[in-house]
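Thanks, everyone, for making the time this morning. I would like to walk through a few side-chain contacts with you, so please have the sequence and the structure in view as we go.

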Amino acid sequence: MRRRWSEERRNNQQQAEWIVAWLRKNGPATIRQIVCALNEAGREVKAHIIQRALIKSPFVTKAGETSIDGDIHALWKFSTD
């Protein structure tokens, strides 16, 4: 019988869930802050996993924008609305 989820896909899902949980505790945050948190936790930084956590999660919404070093960055937050 074939497995429904590959090991890599399962790891990616767990990584996205970690990002959502981190936002719940520490948000709102920019992608830069999320990348720093991933690095501090010793986790891999992969763009497609961050995208999955921010775009596809029903619990994460865009909270606005902020200016950092003259660049505009989106703020992401955990939301149950």
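Let me begin with a question: which side chain meets that of glutamate 44 in a salt bridge? It is the side chain of lysine 46, with a distance of 3.8 Å from N to O, and I should say straight away that this is a predicted model, so that every value I quote is computed from it. Glutamate 44 has a relative accessible area of 54% and is therefore exposed, the cut-off for that class being over 50%, whereas lysine 46, at 24% relative accessibility, counts as partly exposed.

That contact belongs to a set of four salt bridges, and I will take you through two others. In the first of these, the side chains of arginine 10 and glutamate 7 meet at 3.6 Å, again taken from N to O. Both residues lie in helix 1, which covers residues 7-26, and they are three residues apart, or about one turn of the helix. Arginine 10 is partly exposed, with a relative accessible area of 30%, and glutamate 7 is also placed in the partly exposed class, at 42%.

The other one joins lysine 62 to glutamate 65, where the closest N and O atoms are 3.6 Å apart. Here lysine 62 is partly exposed, with a relative accessible area of 49%, while glutamate 65 reaches 56% relative accessibility and counts as exposed.

Turning now to the aromatic rings, the count comes to one aromatic pair. How are the rings of phenylalanine 59 and phenylalanine 78 arranged? Their centres are 5.8 Å apart and their planes meet at 15°, and because planes under 30 degrees apart count as stacked, that is how this pair is classed. The pair links distant parts of the chain, since phenylalanine 59 sits in the loop between helix 3 and strand 1 (60-68), and phenylalanine 78 sits in strand 2 (residues 71-78), 19 residues apart. As for accessibility, phenylalanine 59 is partly exposed at 41%, and phenylalanine 78, at 22%, counts as partly exposed as well.

Finally, a word on helix 3 itself, which spans residues 47-56 and contains isoleucine 55. Is isoleucine 55 buried or exposed? Its relative accessibility is 55%, and it therefore counts as exposed. The C-alpha atoms of isoleucine 55 and threonine 30, which are 25 residues apart along the chain, are separated by 13 Å.

Terms used:
Residues numbered from 1 in each chain as written. Predicted model: local features only at pLDDT ≥ 70, side-chain atom pairs only at ≥ 80, totals over all residues. Heavy atoms only, no water. Helix = DSSP H or I, 4+ residues; strand = E, 2+ residues; numbered from the N terminus. Buried < 20%, exposed > 50% of the residue type's maximum accessible area, 1.4 Å probe, protein only. Phe/Tyr/Trp six-rings, centres within 6.5 Å; stacked < 30°, edge-to-face > 60°.
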